[in-house]
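Trainee: Could you show me how to read a model like this one, feature by feature?
Mentor: Sure, let's look at it together.

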Amino acid sequence: MAPKNEKIGIVGSGIIGRSWAMLFASVGYKVSIFDIERKQIDSALVEITKEVKRLESQKILRGKLSGDEQIACVTGCTSLAEVVKDAVLIQECVPENLDLKKKLYTDLDKVVDSKSIISSSTSTFLPSLLSDGMKHKSQFVVSHPVNPPYYVPLVEIVPAPWTDASVVPKTKAIMEEIGQVPVCLNKEVPGFALNRIQYCILNEAFRLVADGVLNVKDVDNVMSEGLGMRYAFLGPLETAHLNAEGMKSYCERYCNSMWNVCQTFGPTPRFEGPVVDVMNEQLCAMTPVDKLQDRRVWRDTCLTHLAQLKKKMNN
Ligand code: NAI
């Protein structure tokens, strides 16, 4: 595989921008990075080089190009006009602040051409909110990654009501090309899909601790040693399908008991009050704040091994 002649523009080179840059470079896109802080670009280029070399030495580098070839694909640039020029896709990765993002899109609208896909990494803002009023709003889509995107392949692709019909399939094809797993929402909805499901889990985790049913460690064990074991391979719907003689049989068998349990869930918690301190204390006893980075490295190593296992099991 040779480096490609197509360009991706990355706007914002923090945690997510760097990860995207590595993913696009892994299949040979010419990746151009822009940030309002020049030193962020410099540090992104240094960190990407270090990270690619580390992954290559551990034989877990993604893509078929060598580490040096991938590193050579990534360059910094000094203006918004330059980063968007001739890009097939522009991936916006600036902080999750509505005014800041809106201002960026006003500026970007003036310099982008009519062919580039304008793709936002936003975790929370609806695409219609970000792109309303833009001249190029039909080119706008959200491509929401999951942190850390290099190890967790899901990307939620979310169109605004006015996104051109060609934009979602083109974005999906690019995400598949870089080895991510896109899911395309047919319409925008607050929280997209991942956070809607994640918030259901967090709500119940919070209630179980607040009601004194389980401590933090045991709530987390329910996921990591229980549900999570199968959810790494199967979603909840296929799990249900397998847990009876198909989904219809599952619903017939369990609909009443599920309904009865769900009636006891209670109101949505606000994630405030003394229980937050209780949870924080127990979590800090498990991983002190000054050891979070070590734990993140461990998490990424686990995810890499899991990704390799999943690849093996799917072959
Ligand atoms: P970050 O704070 O690490 O990086 C943001 C970068 O954008 C910084 O380097 C900053 O200098 C730069 N920046 C600020 N204003 C800019 C502008 N006008 N033009 C160009 N660059 C600018 O933020 P992070 O965590 O990388 O998040 C970026 C986006 O990704 C956010 O929308 C966030 O919601 C989303 N996201 C973050 C995840 C996470 O876990 N960190 C997960 C999924 C999505």
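Trainee: Is E204 buried, partly exposed or exposed?
Mentor: Buried means under 20% relative accessible area, exposed over 50%, and partly exposed in between (1.4 Å probe, protein chains only). E204 has a relative accessible area of 23%, so it is partly exposed. Before we go on: this is a predicted model, where local features need pLDDT of at least 70, side-chain atom pairs count only at pLDDT 80 or more, and totals for chains, interfaces and linings use all residues. Residues are numbered from 1 along each chain as its sequence is written, and side-chain values use heavy atoms, with hydrogens and water left out.

Trainee: Which residue meets E204 in a salt bridge?
Mentor: A salt bridge is a side-chain nitrogen of Lys or Arg within 4 Å of a carboxyl oxygen of Asp or Glu. Here the side chain of E204 meets that of R207, at 2.8 Å from N to O. R207 counts as buried, at 13% relative accessibility.

Trainee: Where do E204 and R207 sit along the chain?
Mentor: In helix 8 (residues 194-210), three residues apart, so about one helical turn separates them. Helices (H or I, at least four residues) and strands (E, at least two) are DSSP runs, numbered from the N terminus. Helix 5 (residues 98-111) has a similar story: D107 forms a salt bridge with K103, the closest N and O atoms being 2.8 Å apart. Those two are four residues apart, again about one helical turn.

Trainee: How many salt bridges are there by this rule?
Mentor: The count comes to 15. One of them joins K4 and E177, at 2.6 Å from N to O. That pair links distant parts of the chain, 173 residues apart: K4 is in the segment before strand 1 (7-11), and E177 is in helix 7 (residues 167-177). K4 is partly exposed at 23% relative accessible area, and E177 is partly exposed at 33%.

Trainee: What about the strands: in what order do they form the sheet?
Mentor: Strands of a sheet pair through backbone hydrogen bonds, either parallel or antiparallel. Two strands count as paired if DSSP finds at least two bridges between them. In this model, eight strands form an open sheet in the order 3-2-1-4-5-6-7-8, with mixed pairing. Strand 3 (74-76) and strand 8 (181-184) are the edge strands, each pairing on one side only.

Trainee: In which sense do strand 1 and strand 4 pair?
Mentor: Parallel, over five bridges, with strand 4 covering residues 87-92. To spot one bridge yourself, find I10 and look for its partner Q91 in strand 4.
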